[in-house]
Amino acid sequence: MGKYRKKSDLVFQSDLLYNATIMKEYIVFDLEWNQSPYGKDTSVGAMPFEVIEIGAVKLNEQMEKVSDFRCLIKPQVYRELHFKISEVVHRSMEELMEKGILFPEAVRAFESWCGEQAVFCTWGSMDLTELQRNMAFYGMESPFSFPLLYYDIQKLYALCREQGKERVSLDTAVKELEIQEDRPFHQAFDDACYTAKVMKCLDWQKAGPYFSIDYYRLPHNRKEEIFLKFPRYDKYVSRAFDTKEEAIADRKVADMVCCECRKTMRKKIRWFPSGQRAYLCLASCQEHGLYKGKIRMKKTENGQVFAVKTVKPVDEAGAEEISAKKEESRKKRSEKNRQRRLEKKKRKGEMNEKNN
Ligand SMILES: [Zn+2]
């Protein structure tokens with residue numbers, strides 16, 4: 001599975017990756033999972049979702065199907081299906097117990113079927129996470145290279161779609177593309193087949209460079225931090241920090257580097273919070289003009305935070321927008337502070353009254 005080798009100071013040019021001459025094989029896979037039938041209180045923390053089925057198709061570079069994989073898994077954690085799950089996945093616990101194999105065995109079979117040239121493709125970003133979380137539960141080491149780049153077909157479909165850029169369900173995409181619906185949805189293998197059919201309809205000249213980065217495993221240190229160059233923006237993924245304040249104070253997180261000449265730019269508007277988990281900034285390169293920076297703070301598995309920063313060129317109107325957002329953010333903060341002061345005063349007044 002190790003197409004992308006481990007390197008220090010990783011710089012990936014996404015369109016070069018897409019156009020690379022090495023033989024590619026696409027592994028389009030889908031998982032079905034179960035969850036605690038009695039709600040969150042009885043959920044097992046390390047495994048909120050137990051994988052019960054793996055379905056996959058292997059495509060060659062022309063996106064033709066060359067092989068398929070399907071496997072049911074014998075549940076070990078939740079011995080009853082959650083009612084919502086049994087409604088959609090068309091499986092029964094009896095069937096899983098009878099035809100399923102143990103998860104570690106299933107993953108090893110899947111892994112060897114995948115082979116060395118795998119480019120993973122999934123509908124949405126959850127399947128790789130849940131697969132790895134289940135592996136961690138069983139103490140299995142990740143077989144994937146780091147960083148793990150994959151295609152989120154749901155994202156790519158939104159990118160190529162004419163009617164707006166929002167993510168839609170697989171069922172919707174299949175309908176919109178007028179793909180023949182000859183099998184039910186929500187069985188792992190069938191959904192993988194549909195996803196593969198959607199892939200065949202995508203404009204790969206456009207979509208090809210837009211790899212997604214798997215965030216289940218994060219950079220452990222500064223050297224492992226990820227830098228990926230897309231046609232219209234640069235993306236950086238930091239290591240984990242205890243708090244978002246600590247993350248935004250890190251020089252490498254906060255630096256704005258020109259997408260063209262790689263020089264550190266001067267900031268015209270310094271990072272300011274925009275919403276709960278994001279920060280914005282504006283910087284300029286003397287030679288290459290204005291750039292917008294955006295940082296999204298995301299939670300790690302163990303409650304720390306990491307930063308995903310994108311840097312992309314903007315015109316004057318884009319710059320104006322950032323400065324308007326900064327003004328808005330400033331107003332919000334001063335209003336919040338005013339409220340806080342009022343409340344403090346009120347509390348003080350009440351205390352005095354009590355004491356009198
Ligand atoms: Zn520059």
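Mentor: Let's start with a definition: two residues are in contact if their C-beta atoms, placed from the backbone, lie within 7 Å. Keep in mind that this is a predicted model.

Trainee: Among contacts between residues at least 6 apart in sequence, what share joins residues at least 24 apart?

Mentor: That share is 65% in this chain. The chain has 12 helices and 13 strands, and buried residues make up 30% of its 356 residues.

Trainee: Let's look at H5. What makes its span agree with that of a helix?

Mentor: H5 has 12 residues, 126-137. The expected span is 1.5 Å times one less than the number of residues, so H5 should span 16 Å, and its end C-alpha atoms are indeed 16 Å apart.

Trainee: Why are Asp127 and Leu128 called buried?

Mentor: A residue is called buried if 20 or more other C-beta atoms lie within 10 Å of its own. Asp127 and Leu128 are buried in H5, as are Leu131, Gln132, Asn134 and Met135.

Trainee: How do you know where on the helix the buried residues lie?

Mentor: Look down the axis of H5: its buried residues fall within an arc of 160°, so they line one face. They pack against strands E2, E3, E5 and E6 and helix H4. After H5 comes glycine 139, with a positive phi near 70°.

Trainee: How are the domains divided, and what makes up their contact?

Mentor: Domain 1 covers 17-213 and domain 2 covers 222-331. The contact takes 4 residues from domain 1 and 5 residues from domain 2. On the domain 1 side, 4 are nonpolar, with no polar and no charged residues.

How values were computed:
Residues numbered from 1 in each chain as written. Predicted model: local features only at pLDDT ≥ 70, side-chain atom pairs only at ≥ 80, totals over all residues. Helix = DSSP H or I, 4+ residues; strand = E, 2+ residues; numbered from the N terminus. Buried ≥ 20, exposed ≤ 12 C-beta atoms within 10 Å, placed from the backbone. Arc of directions from axis to C-beta. Domains from an automatic or database assignment. Nonpolar A, V, L, I, M, F, W, Y, C, P; charged D, E, K, R; others polar.
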